[in-house]
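Me: I would like a close look at a single part of this structure, with its surroundings described step by step. Please take your time over how that part is placed and what it packs against.

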Number of protein chains: 2
Amino acid sequence: MLELRLSQGVLLKKILESVKDLLSNVNFGCSSSEGLCLQSMDSSHVALVSLQLIPHSFEFFRCDRNLSMGINLTHLSRLLKCAGNDDVITMKADDRSPDTINLMFENPKHDRISDFEMKLMDIEAEHLQIPDTSYEATVTMPSQEFARICKDLSTIGDTVAISITKEGVKFSVSGAIGNANIICRHNISVVKPEESTIIDMKEPVTLSFPLRYLNSFTKATPLSNIVIVSMSHDLPMVVEYKISGAGHMRFYLAPKVEDDAMEA
Amino acid sequence: MLELRLSQGVLLKKILESVKDLLSNVNFGCSSSEGLCLQSMDSSHVALVSLQLIPHSFEFFRCDRNLSMGINLTHLSRLLKCAGNDDVITMKADDRSPDTINLMFENPKHDRISDFEMKLMDIEAEHLQIPDTSYEATVTMPSQEFARICKDLSTIGDTVAISITKEGVKFSVSGAIGNANIICRHNISVVKPEESTIIDMKEPVTLSFPLRYLNSFTKATPLSNIVIVSMSHDLPMVVEYKISGAGHMRFYLAPKVEDDAMEA
DNA sequence: TCAGGTGCAC
DNA sequence: GTGCACCTGA
């Protein structure tokens, strides 16, 4: 028996909004130790998405056996549009290779209960290596700031070079109409910590990434006020949104190598 | 002489917004006993629309003879877009088979007066039987709630089964991605009566309807905080919006018969 | 291509 | 709180 009761339905709604453009059919995993998890390459097999909602995120959490559920995210997203932001969401599934999942939305205010039965799919499991390294450089900054920068720069060019130095983080783009550099300097706000830009660095690092993917990642902005961007030479970057007390959403993206940059 | 002065012009604007997608050319009737009335089948001849604005709705009401005016709703809607929400609207027409109608919008705040003359049309009168029965089951609920449910469910499937039992009202849909049930339980709010869901039932009734039409009816949501849905076996349902102290807008829709349900 | 919803600015 | 503009889904 799987039963997950999430009092803030809006959380699941935001999560789906943030991944539905990147992924189509994915296996959600559930276990009593890890909670609800998802790891998947994006549809074009370039980026990797990793989501965890720890058991503690849920008002009620029961997962008798480790479970994998193949879910069409377009369909799930459509169902979740039927939930109000204030609804309590409960997911239920049978223990062993269920072929459907039940979603229940409770709106306490209007005494309204909606329940949905969604068909599950068979999705071939991917075996993913998620690197668990410490990074040479990390920047923590307001998530809206990061989203704004990625959006703005994508109007200038396709590829952004991100440089983390001890002074701050620099985003550079060049395109047909010219070049752009945006620098966010290390700056800690005591009054509003969530507005700080914090550099944590062993080595300065500069890597280039396709903005197209970063702009997909920033769909997760509503999940957290801050974003944590980590980079090391020749390793995929990580863009992480911590979900307050509930887990995280992480996106991994390989840097462009020199040759890529030239052909682009 | 016909002269109707409506101090809340916004009312007429809302009424037109709510029917213009369902109807195209209709005869408006006016009489000193009934006020301003409209009965018409929708363009596809499936649903029936019935509107009444009682004489008392109007700040000034004069209707010397019973009158029928053929109106192109697209045109009337376009004219009413020229009226502000706070405008006072006056309609005038000649007594006997007028071929035009005059509309005047007075904006007291800006001392602005607009007047329009619109051509009337000859529209063949339909002879409509509007059943005046008592219904086996009626649910009164917040109109926005009803609108939200119809909209949400139409993302899952085309046909909704509505069941009224003494516990509450259940909306059920099945579609390619799964099934959905939304239950609103009988629940009377003393503090906010307009948020109550009230079941009034002699017999439990379950009928199926095409969501497409319900979603047209809910365009009338701005007319009232609450909606009254009435059903009896083998009779058209009624979806009624009472216009506070001024009349009503009612929509009638025949249920799908079993065969319809199967072919769908 | 159009309409509806959402987020942002005033 | 309202209106505009952008963006997304049908």
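Reply: The model is a predicted one, and before turning to a single helix it helps to place the chains: chain A superposes on chain B after a rotation of 116° with 0.1 Å of shift along the axis, at an RMSD of 0.1 Å. The two copies are thus related as by a three-fold rotation axis.

Within chain A, an unreviewed UniProt entry annotates residues 1-126 as the domain "Proliferating cell nuclear antigen PCNA N-terminal"; over these residues the chain is 15% helix and 46% strand, with its end C-alpha atoms 25 Å apart.

The part to examine is helix 2 of chain A, which runs over residues 73-80. At its start, a side-chain oxygen of A:N72 comes to within 2.8 Å of the backbone nitrogen of A:T74. Further along, which residues of the helix are buried? They are A:L73, A:L76, A:S77, A:L79 and A:L80, and, seen down the axis of helix 2 of chain A, the buried residues fall within an arc of 160°, so they line one face of the helix. An α-helix has 3.6 residues a turn, so residues three or four places apart point the same way.

As for what lies against them, the buried residues of helix 2 of chain A pack against helix 1 (9-19) and against five strands of that chain, namely strand 2 (25-31), strand 6 (67-72), strand 7 (88-93), strand 8 (100-107) and strand 9 (112-119).

Key. Residues numbered from 1 in each chain as written. Chains lettered and ligands numbered in written order. Predicted model: local features only at pLDDT ≥ 70, side-chain atom pairs only at ≥ 80, totals over all residues. Heavy atoms only, no water. UniProt positions renumbered as here; feature names shortened; annotations may be inferred. Helix = DSSP H or I, 4+ residues; strand = E, 2+ residues; numbered from the N terminus. Least-squares fit on C-alpha atoms with pLDDT ≥ 70 in both. Buried < 20%, exposed > 50% of the residue type's maximum accessible area, 1.4 Å probe, protein only. Arc of directions from axis to C-beta. Contact = heavy atoms within 4.5 Å. Polar contact = N/O pair within 3.5 Å; in protein donor to acceptor, adjacent residues only side chain to side chain.
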